Amino acid sequence: MLTEERYRLILERLQSRGVVKLQELVELLGASESTVRRDLIDLEANRLLKRVHGGASLITQKSTEPGMDEKTFKNIREKNKIARLAAMQLQNGDCIYLDAGTTTLSMIPYIEAQNITVVTNGLSHVDALVSKNIRSYLLGGLMKTHTKAVIGSIALQNMNQFRFDKSFIGTNGIDVKMGYTTPDPEEALIKRNAHLLSGETFVLADSSKFGEIAFAKLFDLNEATLITDMVPEPYKVPISQKYKVIEG
């Protein structure tokens, strides 16, 4: 197989999976481990991927935030699996914070707990919540047109009027050293404040987020329970065995 063909197949697999294991690429390409390693080094040098322990992941700009429309159609099956697991954490009468984002939005149809109260900064979330007759509060503040999330000082002031049994937070990156991260510092403040006001915090993230590091830190991995579709093999020991994880 030509080098260019191997490059194309590696990048296609990464686009569909987000994270790919070295052994998986060896089988896919029918090439030796040393050849695949060299391919990954070359592709990383051209900033087309990022090598991680035991494989590779997509490379993203730390300060770039995908829009709601772009994120809605990515990893749909994984998000639904995570959403179902997240909804199972709710108990009757809970008062919760539901973060803006497509994975938390996917959680709403699976909510079966009765008499819950939801505070959210997601414009899209309010319509879905009201449709299910769930008591809901939308934070006031600056609306981000890109992600339909409410942010800023007014939103923080609004949020400080509440206390939550549980919060459900989205993230753009999961890293053992850097913790949970997101591109926008103002949105990070909202997420971090919701975490501080909650008795228990759950982070909802599909497996493509592992190994990613965005610009603004939310909090460390040990401060929340991660709900994910799967923990990729390179992260099973450093994450699954050290931190609280609910895996689909």
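Two strands count as paired if DSSP finds at least two bridges between them, and with that in mind the tour of this predicted model can start at a pair of strands.

**First stop: β4 and β5**

Select residues 95–98, which make up strand β4, together with β5; 4 bridges join these two strands, and they run parallel. Strand β5 covers residues 117–120 and holds Thr 120, whose bridge partner is Leu 98. If you colour the side chains of β5, you will find that Thr 117 and Val 119 point one way while Val 118 and Thr 120 point the other way, and that all of them are buried. In a regular strand the side chains alternate between the two faces of the sheet.

Now centre the view on Thr 120, which counts as buried because its relative accessibility is 0%, where buried means under 20%. A polar atom of the Thr 120 side chain lies 2.7 Å from the backbone oxygen of Leu 98. Leaving aside residues up to four places away in sequence, Thr 120 touches a set of residues that includes Tyr 97, Asp 99, His 125, Tyr 137 and Leu 139.

**Second stop: the nonpolar cores**

Next, select Tyr 97, Met 159, Ile 174, Tyr 180, Phe 210 and Leu 226, which touch the most other members among the 28 residues of the largest nonpolar core. Elements that give two or more residues to this core include α8 (153–159), β9 (164–170), α9 (185–196) and α10 (233–240). Around Met 159, again not counting residues up to four places away in sequence, show Tyr 97, Leu 139, Phe 164, Ile 190, Asn 193, Ala 194 and Leu 197, which Met 159 touches. A second, separate core has 20 residues, among them Ala 83, Ile 108, Ala 113 and Val 118.

**Third stop: an open sheet**

Select β10, β11 and β13, the 3 strands that form an open sheet in that order, with antiparallel pairing. Strands β10 (173–175) and β13 stand at the edges with a single partner strand each, so one side of each is left without a neighbour in the sheet. From one strand to the next, the twist averages 35°. Strand β11, residues 179–182, is joined to β13 by 3 bridges, and Tyr 180 stands opposite Phe 219 in β13. If you then add α9 to the view, you will see that this helix lies across β11 and β13, running at about 5° to β13.

**Fourth stop: helix α10**

Move to α10 and show Pro 234, Tyr 235 and Ile 239, which are buried. When you look down the axis of α10, its buried residues fall within an arc of 85°, so they line one face of the helix. Which strands do the buried residues of α10 pack against? They pack against β1 (19–21), β2 (50–52), β10 and β15 (245–247).

**Last stop: two exposed loop residues**

From α10, follow the chain into the loop that leads to β15, where Lys 242 lies; this residue counts as exposed because its relative accessibility is 61%. Lys 242 is 148 residues from Asp 94 in sequence, and their C-alpha atoms are 28 Å apart in space.

Finally, select Asn 222 in the loop between β13 and β14 (225–228), which at 54% relative accessibility counts as exposed. To return to β5, note that Asn 222 and Val 119 are 103 residues apart in sequence and 24 Å apart in space, taken from C-alpha to C-alpha.

Note on methods: Residues numbered from 1 in each chain as written. Predicted model: local features only at pLDDT ≥ 70, side-chain atom pairs only at ≥ 80, totals over all residues. Heavy atoms only, no water. Core = buried A, V, L, I, M, F, W, Y, C linked by side-chain atoms within 4.5 Å. Buried < 20%, exposed > 50% of the residue type's maximum accessible area, 1.4 Å probe, protein only. Contact = heavy atoms within 4.5 Å. Axes fitted to C-alpha atoms, helices over the stretch in contact; angles between N-to-C directions. Arc of directions from axis to C-beta. Polar contact = N/O pair within 3.5 Å; in protein donor to acceptor, adjacent residues only side chain to side chain.
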